[in-house]
Amino acid sequence: MKRSPRWGVLLAWLVVISLLVLIAVQLRSAMEGSVGEGQNAPVFTLQTFDGQTIGLEEMADKVVVVNFWASWCTPCEVEAADLQDAWEHYQPRGDVLFLGVDYVDTETEALEYLERFAITYPNGPDLGTRVSQAFRITGVPETYFIDKDGVLAYTKIGPFGSLGEIMDIVDGMLE
Amino acid sequence: MKRTFWLFGLLLALALAVMPKAAFAQDPTPQPTPQATPSDDQVNAIAKTLYCPVCENIPLDVCPTLACEQWREQIREKLALGWDEQQIRDYFILQYGDRVVDEPPKRGLNWLAYIVPPVVFLVGAYVVYRVLRGRLHVTETGEGAPEPAPPEGDEYTARLEQELERRQ
């Protein structure tokens, strides 16, 4: 019986191993939790609902508070007013930036939500869920505090209980 | 060699014939006529091919969450504006990413989902063909058949027969 050419067998193994590696990489990234505190925060750009583009330049040398929310998310409503109050408190300083990332939402309802809670800090849709995937969020609401060096300093899973809770974290990062 | 080539051609044609429609280019989709209020059936026809990332593995047409309800309303709005199914799917992919559609868009690594299954099928079929052909060849040439009886007068056979007689 004629034997199969050796290159054919090698090629088959190569394909099988490549596929297994690919699956392993995908599984690993799917199993990883949120970005860890102390790690560099993911670099991202946010296109806001009012047409601004907020990227690295706007975030440089600032404490950045990235809040993931959605209009269909009831717990997000619990913290919405506190986040806005915190923003109003820090905005005049100029070295703190609040960003709202609207996760898997519809624009009409998202804009209604922003109006209902009178939210004025920059907010934009998470187009293609790219930002939430970069942060590997596990749900909404989730808030990520990035220090002036671009390092993730603190992660809050779930809604904030009070304005004081937000301010304690931000003040700690500004000291 | 020529026979193998033709066999491969036949298998490829067979694989293409049995491959799910997902692997082919998009079928032309009938364009919905713009209307004031598209029906639930029209909305669900599109919604059943979409998945909300919040409720994994539940098609949008039967997903009970508020997020899904909002998405269905969005489909209704787009239909009312005269968008066709492909335009709505493209919009959802742009807004929420590739994972919201039942069939991954044909680009980048997504191609693996379309290419690997038929290739694996073809390779498997080829392996089966080679094994069967090898066995057939063995049978035809007599290779692998039982060893012929040793010639008479063989010392070993004589001793074996003697031993058998002795034990009877």
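**Close-up views of a predicted two-chain model**

**View 1. The largest nonpolar core draws on both chains of this predicted model.** Of the 54 residues in the largest nonpolar core, those that touch the most other members are Val64(A), Ala70(A), Leu99(A) and Ile146(A), together with Cys52(B), Leu60(B) and Ala67(B). On the side of chain A, at least two residues of this core are supplied by each of strand 3, helix 3, strand 4, helix 5 (130-135) and strand 6 (142-146), and on the side of chain B the same holds for helix 2 (40-47), helix 3 (66-80) and helix 4 (85-96).

**View 2. Chain A and chain B meet in a contact with 11 residues from chain A and 15 residues from chain B.** The residues that chain A brings to the side touching chain B divide into seven nonpolar, three polar and one charged. Gln95(B), whose place is in helix 4 of chain B, gives one example of a residue that reaches across, since it is in contact with Pro125(A) and Leu127(A) once its neighbours within four places in sequence are left aside. Gln95(B) is partly exposed, because 19 other C-beta atoms lie within 10 Å, and 20 would be needed for a residue to count as buried. Along chain B, Gln95(B) and Leu160(B) are 65 residues apart, and their C-alpha atoms are separated by 85 Å.

**View 3. Helix 3 of chain A, which covers residues 74-90, carries a kink.** This helix has 17 residues and reaches 26 Å from its first C-alpha to its last, which is close to the 24 Å expected at 1.5 Å a residue. The kink is of about 35 degrees and is centred on Ala80(A). Ala80(A) is also one of the buried residues of the helix, the others being Cys76(A), Glu79(A), Leu83(A), Ala86(A), Trp87(A) and Tyr90(A). An α-helix has 3.6 residues a turn, so residues three or four places apart point the same way. The buried residues of helix 3 of chain A pack against strand 3 (63-69), strand 4 (96-102) and helix 6 (163-174) of that chain.

**View 4. Trp69(A) lies in strand 3 of chain A and touches residues from several parts of the chain.** Trp69(A) counts as buried because it has 29 C-beta neighbours inside 10 Å. Leaving aside its neighbours within four places in sequence, Trp69(A) is in contact with Cys76(A), Gly100(A), Asp102(A), Tyr103(A), Val140(A) and Pro141(A). Of these, Cys76(A) is among the buried residues of helix 3 of chain A, while Val140(A) and Pro141(A) are joined by a peptide bond that is cis, with omega near 0 degrees. Pro141(A) has its place in the loop between helix 5 and strand 6 of chain A. By contrast with these contacts, Glu32(A), which is 37 residues from Trp69(A) in sequence, is 21 Å from it in space, C-alpha to C-alpha.

**View 5. Asp61(A) and Thr129(A) are two loop residues of chain A with positive phi.** Asp61(A), in the loop between helix 2 (56-59) and strand 3 of chain A, has a phi near 55 degrees, a positive value in a residue other than glycine. Thr129(A), in the loop between strand 5 (123-125) and helix 5 of chain A, has a positive phi of about 50 degrees although it is not a glycine. Their surroundings can be set side by side: Asp61(A) is exposed, with 9 other C-beta atoms within 10 Å, whereas Thr129(A) counts as buried, with 20 C-beta neighbours inside 10 Å.

**View 6. Lys48(B) and Leu60(B) are in contact within chain B.** Chain B has six helices and zero strands, and Lys48(B) is found in the loop between its helix 2 and helix 3. Lys48(B) is partly exposed, with 13 other C-beta atoms within 10 Å, and it touches Pro59(B), Leu60(B) and Asp61(B), not counting residues up to four places away in sequence. The C-alpha atoms of Lys48(B) and Ile58(B), which are 10 residues apart along the chain, are separated by 9.0 Å. Leaving aside neighbours within four places in sequence, Leu60(B) is in contact with Ala47(B), Lys48(B), Leu50(B), Tyr51(B), Cys52(B), Cys68(B), Trp71(B) and Arg72(B). Both Leu60(B) and Cys52(B) are among the residues that touch the most other members of the largest nonpolar core, although of the 168 residues of chain B, 14% count as buried.

Terms used
Residues numbered from 1 in each chain as written. Chains lettered and ligands numbered in written order. Predicted model: local features only at pLDDT ≥ 70, side-chain atom pairs only at ≥ 80, totals over all residues. Contact = placed C-beta atoms within 7 Å. Nonpolar A, V, L, I, M, F, W, Y, C, P; charged D, E, K, R; others polar. Helix = DSSP H or I, 4+ residues; strand = E, 2+ residues; numbered from the N terminus. Buried ≥ 20, exposed ≤ 12 C-beta atoms within 10 Å, placed from the backbone. Expected span 1.5 Å × (residues − 1). Bend = angle between axes of the 7 residues up to and from the residue. Core = buried A, V, L, I, M, F, W, Y, C linked by C-beta atoms within 7 Å.
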